[in-house]
Amino acid sequence: MENKLFIYNTLSRKKEEFKSINPNSVGLYVCGPTVYGDPHLGHSRPAITYDILFRYLNHVGYKVRYVRNITDVGHLESDGDVGEDKIAKKARLEELEPMEVVQYYTDRYHQYMDQLNVKKPSIEPRASGHVIEQLQLVDDILAKGYAYESNGSVYFDVDKYNETNNYGRLSGRNTEDMLSTTRELDGQTEKRKSYDFALWKKAAPEHIMRWPSKYSDGFPGWHLECSAMSARYLGTEFDIHGGGMDLLFPHHECEIAQSTVANGHTPARYWMHNNMITINGQKMGKSLGNFITLEQFFNGNHELLEQAYNPMTVRFFILQAHYRSTLDFSNEALQAAQKGMERLLEGCSKLDKLEPGSESSFDVKDLSDKCYAAISDDLNTPILIAHLFEGLKWINTILAGKASLKEEDLEALKALMNTMVFDILGLENSEQTSGGSDQLLDETVNLLLSLRVDAKTNKDWATADKIRNELQNLGFVITDTKDGFEWEIK
Ligand code: ZN
């Protein structure tokens, strides 16, 4: 492989050169969403981070099998094996079948990932479709003596595992700290130690999602699904496991422990973790009133948003930070991202207007080397974007007649800019995402016209006329009807 890739491996805590177990098929597993709510800004960062990895691996010639799961069972409200299943709870509150909730939010997730131009994974397995594989893992871990049954549930025995392994290897925690930070919770009496975790949970009578097993009618522990599905589709040892930093502990730590007992080694060689997005410096949370869904970002309908943002603006905003850094949302930051992205896309649209000259004022090969060095250095997209702005400066200087590129250098610059901006960073011109902007236009015009209806009701004829006249000047045809209004574009 001509282009090397260096990845910061959370497991070894250092940057390592990526070497695939089988160069003809790179195995990439990423923990996907638990589908019980509308996709929000937090969902976009892991999706976009591993999309860049997927795109770059493909670009340098690897064949990649990218598995990203859908969690549709077993994710309880607390990570401590207590509380209601998140999906079952939503189903109960909405009086729906749990699988109706799953289908609805999976469709919504796909819709918003499409708008963000996130490529689809090769396989998108669901936890509920792999209960047999998960039960086989429970049997295996129990048979090897690293789990115990308690009241119809099965728990992983962390102390036993620690005799020969290190639970905490990935997250850098140790069990003494875990003991001092875990509270006594309901149901914990079933466990020998509070840090033991459920492989199988006996279902309470009111629990809807349940499967029969020799242990009890119950459901798999949340961490088990990724061990079972990654082994099923990528083998017991694969290349890269990715996910958000919030999954590092306990989820990924538990995955490593389960797979190590079952297969004798960690499931993946490289572990990657993207950092979180904060909103005006605060963690995003429903109780903090700063929880913004992607739909709200794209239509501007949230009190913290000064305007609607194009999906590509959100994508560019995320790519302007390195994936391991925290990223803080603010309207100013997104507005700056929008301006920057528009300049870059506009520059690319001018590439075809450039005419070759008799000599080259710039070193295109050097710029290309710098771009590849940035993206292959642990996906350093902010540095890559800085180099692309250097290319943008060249385009404008050539257009102004103050510099030139010979034909072959000009062709190389065009190829470089197009490859980096569209294929690897995955940006799109807004015409290509017209689905989103059409919707935005509809909603904006409807909003203005409903303000006009309000103005007429209040006999504020000046405002009502101003809205109609200005919209007509912009090319809209407005018709008053007995129910309100209709409009079209001339
Ligand atoms: Zn997972």
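In which loop is D378 found? In this predicted model, D378 belongs to the loop that joins α12 (364-376) to α13 (381-399). The phi angle of D378 is near 55 degrees, a positive value in a residue other than glycine. Most residues other than glycine have a negative phi, and most peptide bonds are trans. D378 counts as buried because its relative accessibility, 1%, falls under the 20% limit. This residue is taken up again below, together with other local features of the backbone, after the overall architecture, the metal site and the main pocket have been described.

The chain comprises 490 residues, of which 53% count as buried. Its secondary structure consists of 16 helices and 15 strands. Measured out along the principal axes, the C-alpha trace spans about 75 × 70 × 35 Å. The domain assignment divides the chain into domain 1 (20-274), domain 2 (278-424) and domain 3 (439-489). The centres of domain 1 and domain 3, taken over C-alpha atoms, are separated by 50 Å.A zinc ion is held by three protein donors, C31 through SG, C226 through SG and H251 through NE2, at distances of 2.0 to 2.1 Å. Along the chain these donors follow the spacing C-x194-C-x24-H. C226 and H251 link distant parts of the chain, with C226 in helix α7 (residues 224-234) and H251 in helix α8 (residues 248-263), 25 residues apart. Both C226 and H251 are buried. Helix α8 also contains P250, and the peptide bond leading from F249 to P250 is cis, with omega near 0 degrees.

The largest pocket has a volume of about 1500 Å³. Its lining is made up of 46 residues, and those nearest its centre are Y36, H40, H75, K86 and D246. By residue class, the lining divides into 18 nonpolar, 17 polar and 11 charged residues. Domain 1 (20-274) and domain 2 (278-424) each contribute at least three residues to this lining. Among elements of secondary structure, α1 (41-59), α2 (86-94), α8 and β11 (277-279) each supply at least two lining residues. Helix α8, which carries the zinc donor H251, is thus listed among the elements that line the largest pocket. The greatest share comes from α1, with five residues.

Helix α1 itself has 19 residues and reaches 27 Å from its first C-alpha to its last, close to the 27 Å expected at 1.5 Å a residue. This helix is mostly covered, with 16 of its 19 residues buried. Just after α1, G61 adopts a positive phi of about 110 degrees.

A positive phi also occurs at N117, with a value of about 60 degrees, although N117 is not a glycine. N117 lies in the loop between α3 (98-115) and α4 (131-143). Is N117 buried or exposed? With a relative accessibility of 17%, N117 counts as buried because the value is under 20%. D378, introduced at the outset, likewise has a positive phi, near 55 degrees, and at 1% relative accessibility it counts as buried.

The loop between α3 and α4 also holds S122. At 41% relative accessibility, S122 counts as partly exposed, because this value lies between the 20% and 50% limits. The C-alpha atom of S122 lies 8.1 Å from that of R68, although the two residues are 54 residues apart along the chain. The α3-α4 loop therefore contains both N117, which is buried at 17%, and S122, which is partly exposed at 41%.

A further pair involves Q320, found in the loop between α10 (311-319) and β13 (327-329). Q320 has a relative accessibility of 35% and so counts as partly exposed. Its partner is N380, 60 residues away along the chain, and the C-alpha atoms of Q320 and N380 are separated by 9.2 Å.

Note on methods. Residues numbered from 1 in each chain as written. Predicted model: local features only at pLDDT ≥ 70, side-chain atom pairs only at ≥ 80, totals over all residues. Heavy atoms only, no water. Donors = N, O, S within 2.8 Å, 3.2 Å for Na, K, Ca; no water. Helix = DSSP H or I, 4+ residues; strand = E, 2+ residues; numbered from the N terminus. Buried < 20%, exposed > 50% of the residue type's maximum accessible area, 1.4 Å probe, protein only. 1 Å grid on protein atoms, 1.4 Å probe; cavity = no way out; pocket = protein on both sides within 12 Å on 5 of 7 lines; lining within 4 Å. Points joined across faces, edges and corners; volume = space filled by probe spheres on them. Nonpolar A, V, L, I, M, F, W, Y, C, P; charged D, E, K, R; others polar. Domains from an automatic or database assignment. Expected span 1.5 Å × (residues − 1).
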